[in-house]
Amino acid sequence: MSFLIKENENGVGIITLNHPKRVNPLCKEIISEICTELDGMVADNARTIVIRARKGAKVFSAGHDVHELSVDGRDPLTYDDPLRRVIRAIETCPVPVIAMVEGSVWGGACELVTCCDIIIASKESTFAITPAKMGMAYNLSGILRFMKPGGYHFIKEMVFTAKPFPAEKLAQCGIINYAIPTEELEEKTFSIVRDIITHSPLVLTVLKEEMRVLSNTHPMNPEAFERIQSLRQEVYTSEDYKEGIRAFLEKRSPVFMGR
């Protein structure tokens, strides 16, 4: 069963998340489909790709599928984590990828949206970065993803509080491009799409890759990296992490003990 609706006409690919019963979780099946469709649409001459939820969606995506997160002490957010794979697929996709956001965006879905090249959101959309609420230690590449475009102190507030923030605030901080009325969302998105597809696809590919490479030039010494990894591993062997997962699945507030 497919959890996506796919369209690819006149140089425009559209990937619509379509798992309403579970509010578009970033499960292995959906992520695998997205990666496959990105490659397929490019091979089929798409010059830009739009990722969206169904029109009228209350939730764009609920983020990580918590049912798939391990609780055996292993780090669930490694290089081969499904979310990391789809982030890399969007980043290295040779055509511009646009996120058209309607509904709330939770957890790892915030990273999926912010890794897109252009982000147009409904003013009614909210974004919540929730690892602290779940007892999870986010990885370095995910934290860097939020820090690069956004105000440093605002990102800290988002990460520390795990509360939803309105799209307008993210637009003010430069994290997303636009926060506009819902009824204008499609018109604005596809006006940008029409501009893009008139330009040289070869040049757009080079420009996107140049900006990707330049934005990732953030050296870290091995000692600092190893220390961060050690701290993250402490989280995933803790009782707090197990409690965060249990509380989510039991639909209750977690009780964290700091151990």
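Here are a few questions and answers on the helices and nonpolar cores of this predicted model.

User: Before we start, what are the ground rules?
Analyst: Local features need pLDDT of at least 70 and side-chain atom pairs count only at pLDDT 80 or more, while totals for chains, interfaces and linings use all residues. Side-chain values use heavy atoms, with hydrogens and water left out, and residues are numbered from 1 along each chain as its sequence is written.

User: Which residues of helix H6 (residues 152–161) are buried?
Analyst: Helices here are DSSP runs of H or I with at least four residues, and strands are E runs of at least two, numbered from the N terminus. Buried means under 20% relative accessible area, exposed over 50%, partly exposed in between (1.4 Å probe, protein chains only). On H6, that gives Phe154, Ile155, Met158 and Val159.

User: Within what arc do they fall, seen down the axis of H6?
Analyst: The arc is taken from the directions from the helix axis to the C-beta atoms. The buried residues line one face of H6, because they fall within an arc of 130°.

User: Which exposed residues does the face of H6 turned away from the buried side carry?
Analyst: That's the face opposite the buried side. Its exposed residues are His153 and Phe160.

User: Which helix gives the largest share of the largest nonpolar core?
Analyst: A nonpolar core is a set of buried Ala, Val, Leu, Ile, Met, Phe, Trp, Tyr and Cys residues joined through side-chain atoms within 4.5 Å. The largest has 60 residues, with Leu38 and Phe60 among those touching the most other members. Its largest share, six residues, comes from helix H1 (residues 28–43).
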